Every structure is written in structure tokens, then in C-alpha cells.
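Me: Please show me the structure, and let us then discuss how its side chains pack together.

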Amino acid sequence: MEILNEIKFYKQTGKLYNNTIREALLQHGLFECFMTENDITNSPERIDVLNKINNDQYIRNDYESFLQEIGKNKRSSFLTPYTVDEFKNAGVQTFQVPGYEIGFALKPMPEGDNDIISVHNNTNIHGIGDALIDSAKRLGGTTLDHFDGFLSDFYNKKGFKEYDRWKWDDQYAPTDWDYEKYGKPDVILRRLQK
């Protein structure tokens, strides 16, 4: 209930009174989910990023730079680790927003789908997730997977419907997984509905 009061207070005043809740929401990527478009500051950087994303203006297939960005991401344990050779051998296409550590990749799958992978935003620019996933869809992304949690509603709203679910298995856990913070979530596989 305190979180709901915090969000209500924020919506009314634009201020946060409980920094502990704010940090918890930010840490789990939830704070942005509760913000409306009007709550997000349209800084020149955010406008620049959205223009580039909406026009599909990317640095493409700079694998080394892309993987360096992934390694610096605060939630890198949520992302499948890859090497340059794995990207090249699988025919992965990478897309990085020029001038910002923001991007995603598309991995061709045997069934003909393009799996959206390695979605990341290492900046403090909020409110770009919709545009980034819309761009990935325009460029051919049709499937994705993620840990169950705050992304479940987001991807569902973006048209990706669950078609399979894998229970957590400790043997496949990321090496730096924080069980206390994140628990043992299911892995959800989604496909874009046409």
C-alpha cells in the first residue's frame, strides 16, 4: 500500500517522499512503468534518442562495442552472455543508438523467427522502451524471452504473447544471479501476434 501511496503522491506533486521506495522501484525497473508520458522530462537527449529510434538510425553490427555495452549494463545478469564469434556464427544483427549506450539485437531462429535479444539502456534517459521495442518489431523481431516479473505486462501490451514457460533451473542460473533480490522466476517465451 505504501508503494501505491508513493506513486499517487508522485503523480500529484512530481516529487518522491520515500527514497527507499524510489530506489527499490528504480532497482527493479518498475519506476518507469508507473510514469505516464507527461511525467517524463522531454530533455534534448531523450528527444534525440527517440528521433533516432523512431527513424531506425542505428550503428549496426559493431559486435565488440555492442558486447561492451551489455557488459556494463546494471542488469547484465538478466541478459544471455554472448561472444563476438557466437554473434557472427548465428548471423545476429546488432542495433546501437549512435551516441548512447542503448540498443538491441536480432538473432535468426531455425523456425524463421528473429529473436529480440540483449535489449539494454545504460543511460538515465527514461521512457524509451516502447519506441525501442516498436523499432525491433519494424526491423523483423518476432520472438523474445525474459524472466517473469515487471517485463511480463510490458511485452504483453507490445503484442508478444506467451507461448511457452520454463521453470527456474539452478543449473542454468546466471553466474552472478542475486537470489535474494530476484528469487527464482520462470523464463517466459513470447511470440508477436499478428
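The questions and answers below concern nonpolar cores and aromatic rings.

Reply: This is a predicted model, in which local features need pLDDT of at least 70 and side-chain atom pairs count only at pLDDT 80 or more, while totals for chains, interfaces and linings use all residues. Residues are numbered from 1 along each chain as its sequence is written, and side-chain values use heavy atoms, with hydrogens and water left out.

Me: Which element gives the most to the largest nonpolar core?

Reply: A nonpolar core is a set of buried Ala, Val, Leu, Ile, Met, Phe, Trp, Tyr and Cys residues joined through side-chain atoms within 4.5 Å; buried means under 20% relative accessible area (1.4 Å probe, protein chains only). The largest one has 21 residues. Two or more residues come from each of α3, β3 and α6, helices (H or I, at least four residues) and strands (E, at least two) being DSSP runs numbered from the N terminus. The element that gives the most, with 4 residues, is α6.

Me: Is F147 buried or exposed?

Reply: The relative accessibility of F147 is 16%. F147 therefore counts as buried.

Me: How are the ring planes of F147 and W177 arranged?

Reply: Rings of Phe, Tyr and Trp (its six-membered ring) pair if their centres lie within 6.5 Å; planes under 30 degrees apart count as stacked, over 60 as edge-to-face and the rest as tilted. The centres of F147 and W177 are 4.8 Å apart. Their planes stand at 50°, so the pair is tilted.

Methods:
Buried < 20%, exposed > 50% of the residue type's maximum accessible area, 1.4 Å probe, protein only.
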